[in-house]
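Welcome! Let us walk through this structure together, one part at a time.

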Amino acid sequence: MIDLLTLAFVDVLIDLLQPGTIARIVLDALSKSALYVMIASGLSLIFGLMGVLNFAHGSLTMIGAYLGGAVMVVTVSAGMNGPARFVLFFLAIAATFGALTLLGSAVEVTLIRPIYDREPLFQILLTFGLVLVLDELARIVVELNGLQPRSKWQAAIGTAPVFLSNWYTVAGVSTRGLYLFEVLLGALVVAGIWAFLTRTRYGLYIRAGSEDPEMTRALGVDVRKAFTVVFGVGAGLAGVAGAVLMWDPRFGATVPLSVETLLVAFVVVIIGGLGSFRGTVVAAGIVGLTDALMTWLFQNHVAFPGLPEMVTFLVLVGVLIVRPQGLFGVAEVGGH
Amino acid sequence: MSADAPALELDGVHSYYGESHVLRGVDLAVERGENVALVGRNGVGKTTTLRSILGLTPPREGSVRLDGVDVTGEETHDIARRGVGWVPEERRMFGHLSVEENLRVATRPDADTAAKVEEALDAFPALRDHRDRDAGDLSGGQQQMVAIARALVGDNDLLLVDEPSEGLAPQIVAEVVDALGTLADDVTLLLVEQNFPMAMDLTDRFYLLDHGEVVESGDSDAVSQDDEMIRRYLSA
């Protein structure tokens with residue numbers, strides 16, 4: 001028995017160490033990590049500054065997926081050439097970011113702000129209630145338009161610009177243009193947030209407010225305005241992630257995307273440390289690599305359904321046992 | 001704004017933590033350029049008085065006026081922007097921000113931030129070598145210097161300083177006293193301090209707080225020798 005296991009392990013190891021295998025796993029890991037960082041960074045920023053665990057974050061991603069798809073379905077016509085689709089695709093991403101930023105800001109001002117001074121349980125119940133409302137509304141709208149809430153929106157998938165659906169060879173491995181785009185966009189999002197937090201006055205306010213909101217207010221900073229900006233931008237990022245997931249064959253626009261992405265976002269921010277953007281980036285890399293490695297193992301060697309998800313959650317459990325505050329977490333964050 | 005109004009005036013201020021009635025009608029006034037101590041035993045409401053001025057613990061009754069303008073009920077950030085600097089108890093550094101970033105947070109949005117930071121570092125040269133270090137990694141004395149510099153860098157003319165000597169070694173306390181003594185000439189100061197001799201040395205006048213009320217006030221020079229009062233109100 002032990003000999004058989006050893007042989008199987010050696011077989012997996014030999015296969016894994018093939019240059020093509022490593023490149024494939026790394027590419028898959030990078031694209032997944034990029035998606036996870038886009039999904040989770042908004043949640044992390046919101047918790048870091050405001051101490052609010054936004055359960056509706058996944059719903060915002062799901063709405064972003066449908067919204068991005070809708071912009072393309074409405075604007076792209078059958079005979080439209082590549083460059084025009086290319087431009088419309090970026091406009092769809094920008095429009096989704098704008099719309100979700102506005103929605104997030106409105107939610108913060110009208111629903112969350114009045115309960116800042118209450119127990120955290122009120123915020124959890126409120127955002128959980130939002131999940132039910134937003135997901136049910138999405139289900140109604142989707143069904144009214146003749147779509148199945150649990151099936152991917154095929155008509156929207158067909159509007160993708162050519163560069164997303166084409167295949168390219170990188171490091172000897174053939175990969176979708178979409179995956180390369182995800183890596184690029186994820187890197188841009190990380191660099192953008194990093195620059196915003198470390199190079200701008202408002203970013204400095206947000207970092208200070210994350211540590212001690214009361215002290216920050218006493219220095220003349222309107223922290224509540226920062227709350228609105230962060231909640232809005234966090235929602236916008238969730239929307240952008242959704243708009244990209246819309247065309248990703250591993251995801252696609254469905255109503256349950258809401259819960260799927262919320263789970264991933266929570267796993268990433270908990271591993272990274274609640275409220276730490278640096279932790280979110282590192283954790284997204286860890287989760288993306290684990291997911292990619294386990295997906296490869298499942299597809300090639302271990303026919304065990306749910307293996308990637310199970311191992312990802314085991315990583316979460318392991319981190320929580322060794323370092324309960326997460327890799328880069330601090331004892332206390334956020335507040336009002 | 002009234003030209004001859006006190007820089008700070010509290011009139012019958014009542015403040016609570018939940019149902020706990022902490023300030024029971026505090027009256028005090030600090031004239032422009034004056035240095036005033038607020039003394040009293042632990043738990044009599046000194047810190048709450050400073051928090052009430054800043055709107056962090058908003059008064060339920062009474063009023064707080066800055067230069068004659070009633071600011072009761074205003075948001076904390078609006079009160080701070082009127083030129084009120086706060087050096088809180090236990091310093092409350094942004095521990096994960098550098099010393100320089102701690103100072104930059106406190107500058108006014110329309111100010112020349114770099115110039116203001118340099119001014120603050122000129123005033124506290126010991127901090128210059130640590131400007132890029134996380135404030136949380138500094139010693140208690142260095143953190144106190146940052147806290148004072150941070151309160152000044154926003155062009156504030158009224159400083160509320162809460163227990164600056166708390167938790168510091170005697171030698172460091174002397175440095176903090178020097179620093180406060182230097183800047184006390186240029187600003188209006190309301191100092192909360194348990195170290196009674198130090199408070200009297202740094203200030204012109206004092207208010208003695210007991211059970212949330214001002215029970216005594218006078219010149220700091222006169223009270224320094226008044227052992228009976230020290231014994232009655234300040235001894236543990």
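**A sheet in chain B**

A good place to begin in this predicted model is chain B, where six strands form an open sheet in the order β6-β7-β8-β3-β9-β10, with mixed pairing. Follow that order to its two ends and you reach β6 (84-87) and β10 (213-219) of chain B, which stand at the edges. Each of these strands has a single partner, so one of its sides is left without a neighbour in the sheet. As you step from one strand to the next, the twist averages 15 degrees.

Now look inside the sheet at a pair of strands. Strand β7 of chain B, residues 158-162, runs alongside strand β8 of chain B, residues 188-192, and the two pair in the parallel sense over five bridges. To find your place there, look for Asp162(B), which stands opposite Val192(B) in β8(B). A helix joins the picture too: α5 of chain B, residues 140-152, packs on the sheet and touches β6 and β7 of chain B. The direction of this helix makes about 170 degrees with that of β6(B).

From here we can turn to the place where the two chains meet. There, 16 residues of chain A are in contact with 19 residues of chain B. Which helices of chain A each supply at least two residues of the side that touches chain B? They are α9 (201-211) and α10 (213-218) of chain A. The largest share of that side, six residues, comes from α9(A). By kind, the residues on the side of chain A that touches chain B divide into seven nonpolar, two polar and seven charged.

Methods
Residues numbered from 1 in each chain as written. Chains lettered and ligands numbered in written order. Predicted model: local features only at pLDDT ≥ 70, side-chain atom pairs only at ≥ 80, totals over all residues. Contact = placed C-beta atoms within 7 Å. Helix = DSSP H or I, 4+ residues; strand = E, 2+ residues; numbered from the N terminus. Nonpolar A, V, L, I, M, F, W, Y, C, P; charged D, E, K, R; others polar. Pairing = 2+ DSSP bridges. Axes fitted to C-alpha atoms, helices over the stretch in contact; angles between N-to-C directions.
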